Amino acid sequence: MELEGYVLPDELYYHEEHSWARIEKDGTVTVGMNDFFQKEAGDIVFVDMPEVDEEVEQGEVCGKIQSRKWIGKLCTPLSGEIFEINEELEDEVTLVNTDPYGAGWIFKMKAANLEEEKANLYHGESVGPWISEEIAKAEEEKAKSS
């Protein structure tokens, strides 16, 4: 799906804080930040990633993402155990901007309550209305600050 210039692949699940979750064939989950986040943040300069083996709860802040404009929260879209972080981001953090759904992934996890918790995420037809609201909020904030 592409909406007002923001690309949001249909197969992904989205958390309200703009992290995405891709459920892999082996049942693990890859997590990153969506196109709306990276475009609103601007050039990403640093990602404070969670630790491998860290146990996280759905919606928990498990890291930070710093851009030239501000510092944003990295919220995990699902509960579970993180088993891999994207070490390439340490040398090339701009991958979050240039390839947010590919090489710019942030961590991989083993989800603890996948079926139950994915119902709390935006997916399919619920993505359009949600991202439209987020766009409207962002435009409102920009109007206030100018």
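This report walks through a predicted model, from its sheet to its largest pocket and a handful of residues.

First, some ground rules. Because the model is predicted, local features need pLDDT of at least 70 and side-chain atom pairs count only at pLDDT 80 or more, while totals for chains, interfaces and linings use all residues. Residues are numbered from 1 along each chain as its sequence is written, and side-chain values use heavy atoms, with hydrogens and water left out.

**The sheet**

Let's start with the strands. Helices (H or I, at least four residues) and strands (E, at least two) are DSSP runs, numbered from the N terminus. Two strands count as paired if DSSP finds at least two bridges between them. On that basis, six strands make an open sheet, and its order is β3-β4-β5-β11-β10-β7, with antiparallel pairing. At the edges sit β3 (13-14) and β7 (55-56), each of which pairs on one side only.

Going through some of the pairs, β4 (residues 19-23) and β5 (residues 29-33) are antiparallel and joined by five bridges. Here serine 19 has methionine 33 of β5 as its bridge partner. β10 and β11 (residues 107-111) also run antiparallel, with five bridges between them, and isoleucine 85 stands opposite phenylalanine 107 in β11. The antiparallel pairing of β7 with β10 covers two bridges, and valine 56 has glycine 80 of β10 as its bridge partner.

**The largest pocket**

Next, the open space. The search runs on a 1 Å grid over the protein atoms alone: a cavity is a set of points where a 1.4 Å probe fits but cannot get out, whereas a pocket is an open set with protein on both sides within 12 Å along at least five of seven lines, and lining residues have an atom within 4 Å of a point. Grid points are joined across faces, edges and corners, and a volume is the space filled by probe spheres set on the points.

The largest pocket holds about 410 Å³ of space. Its lining has 14 residues, and those nearest the centre are His18, Phe36, Glu40, Trp70 and Glu134. By class, the lining has eight charged residues, four nonpolar and two polar. For that tally, Ala, Val, Leu, Ile, Met, Phe, Trp, Tyr, Cys and Pro are nonpolar, Asp, Glu, Lys and Arg are charged, and the others, Gly among them, are polar. At least two lining residues come from each of α1 (35-41), β9 (71-75) and α5 (127-145). With five residues, α5 gives the most to this lining.

**Three buried residues**

Buried means under 20% relative accessible area, exposed means over 50%, and partly exposed is in between (1.4 Å probe, protein chains only). A polar contact is a pair of N or O atoms within 3.5 Å; within protein, one must be able to donate a hydrogen and the other to accept it, and residues adjacent in sequence count only if both atoms are side-chain atoms. Plain contact, or touching, means heavy atoms within 4.5 Å.

Glutamate 40, one of the residues nearest the pocket centre, sits in helix α1. Glutamate 40 is buried at 14% relative accessible area. Leaving out residues up to four places away in sequence, glutamate 40 touches Tyr6, Lys69, Trp70, Ala138 and Lys142.

Tyrosine 14 belongs to strand β3 and is buried at 1%. Beyond four places away in sequence, its contacts include Ser19, Trp20, Tyr101 and Trp130.

Asparagine 86 lies in the loop between β10 (80-85) and α2 (88-91). Asparagine 86 is buried too, at 3%, and among the residues it touches beyond four places away in sequence are Met49 and Ala103.

Here are polar contacts made by these three side chains.

| Side chain | Partner | Distance |
|---|---|---|
| Glutamate 40 | Tyrosine 6, side chain | 2.9 Å |
| Tyrosine 14 | Proline 9, backbone oxygen | 2.8 Å |
| Asparagine 86 | Glutamate 88, backbone nitrogen | 3.1 Å |
| Asparagine 86 | Tryptophan 105, backbone oxygen | 2.7 Å |

**Two positive phi values**

Most residues other than glycine have a negative phi. Glutamate 4 has a positive one, near 50°; glutamate 4 lies in the loop between β1 (2-3) and β2 (6-7) and is exposed at 56% relative accessibility. Aspartate 53 also has a positive phi, near 75°. Aspartate 53 is in the loop between β6 (44-48) and β7, and counts as exposed at 52%.
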